[in-house]
Amino acid sequence: MIKPYLMFNRECEEAFKFYIEAFGGELTAMQKYSEIPSSPDFPVEESDKDLVLYSQLRLTEDGVIMGSDSNRELNDSDKVVVSVELNVEQARKAWNTLKEEGSIHMDLHETFFAKLHGSLKDKFGVSWMFTVN
């Protein structure tokens, strides 16, 4: 499955409320950083606890956008990510190809919410987010 994933500089919740006003639709998920299980691998600063870790907005019957706040400052070209949900084999093959001459934002690894998850920018400047459930 492929979905557009929008990254924000501490303004995801505000942006999604704006998109609801513009398009209607339904907010189907919003999880804050404060809801993350405590882990030394992903420490959360007190000032980041109200940030959006994950959100999903159904804009049309079969169209959704996803989004979150970044823990690093983003320029405009980094704000749209292609999110792909694949099986383990597909994810590893695509990951290993796209990382060549690219840059890894978050290495592909197991997380509390997915079997594998990671993000990178390929050699053409396109940002990708991988999730294996």
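How exposed is Arg10, in terms of relative accessible area? In this predicted model, Arg10 has a relative accessible area of 48% and is partly exposed. The legends below begin with the whole chain and then turn to single sites.

**Figure 1. Overview of the predicted chain.** The chain holds 2 helices and 8 strands. Their order along the sequence is β-α-β-β-β-β-α-β-β-β. With a radius of gyration of 15 Å, close to the 14 Å expected from the globule rule for 133 residues, the chain is as compact as a globular protein of that length. Along the principal axes, its C-alpha atoms occupy a box of roughly 40 × 35 × 30 Å. Of the 133 residues, 38% are buried. Where contacts link residues at least 6 apart in sequence, 54% of them join residues at least 24 apart.

**Figure 2. Surface and charges of the chain.** The accessible surface is about 8,300 Å², and carbon and sulfur atoms account for 50% of this area. The chain carries 14 positive and 24 negative charges. Between the mean positions of these two sets the distance is 4 Å.

**Figure 3. The largest nonpolar core.** Nine residues form this core: Val84, Ala91, Trp95, Leu98, Leu108, Leu116, Leu120, Phe130 and Val132. At least two of its residues come from each of helix H2 (88–98), strand E7 (116–121) and strand E8 (127–132). H2 gives the largest share, with 3 residues. Apart from this core lies another, of 8 residues, including Leu6, Phe16, Leu57 and Ile65. In soluble globular proteins, nonpolar side chains tend to be buried together.

**Figure 4. Surroundings of the core residue Leu120.** Beyond its neighbours within four places in sequence, Leu120 is in contact with Trp95, Leu98 and Phe130, among others. Those three residues belong to the largest nonpolar core, as does Leu120. The other contacts of Leu120 include Lys99, Ser103, Ile104, His105, Val126, Ser127 and Trp128.

**Figure 5. Ser83, a buried serine in strand E5.** Strand E5 covers residues 80–85 and contains Ser83. The relative accessibility of Ser83 is 2%; this is under the 20% limit, so the residue counts as buried. Outside the four nearest places in sequence on either side, Ser83 is in contact with Met1, Ile2, Lys3, Tyr5, Met66 and Met129.

**Figure 6. Ser103 in strand E6.** Ser103 is part of strand E6, which runs over residues 103–109. Its relative accessible area is 35%, which makes Ser103 partly exposed. When residues up to four places away in sequence are set aside, Ser103 touches Leu120 and Lys121. Ser103 and Ser127 are separated by 24 residues in sequence, and their C-alpha atoms are 9.3 Å apart.

**Figure 7. Arg10, a loop residue with positive phi.** Arg10 sits in the loop that connects strand E1 (2–8) with helix H1 (12–23). Although Arg10 is not a glycine, its phi is positive, at about 65°. A relative accessible area of 48% places Arg10 among partly exposed residues, because it falls between the limits of 20% and 50%.

**Figure 8. Glu101, a loop residue with positive phi.** Glu101 is found in the loop between H2 and E6. Its phi is near 65°, which is positive in a residue other than glycine. Glu101 has a relative accessible area of 67%, over the 50% limit, and is therefore exposed.

Methods: Residues numbered from 1 in each chain as written. Predicted model: local features only at pLDDT ≥ 70, side-chain atom pairs only at ≥ 80, totals over all residues. Heavy atoms only, no water. Helix = DSSP H or I, 4+ residues; strand = E, 2+ residues; numbered from the N terminus. Rg over C-alpha atoms; globule rule 2.2 N^0.38 Å. Buried < 20%, exposed > 50% of the residue type's maximum accessible area, 1.4 Å probe, protein only. Contact = heavy atoms within 4.5 Å. Areas by Shrake-Rupley, 256 points an atom, 1.4 Å probe, with all protein chains shown as cover. Lys, Arg positive; Asp, Glu negative; His and termini not counted. Charge placed at Lys NZ, Arg CZ, Asp CG, Glu CD. Core = buried A, V, L, I, M, F, W, Y, C linked by side-chain atoms within 4.5 Å.
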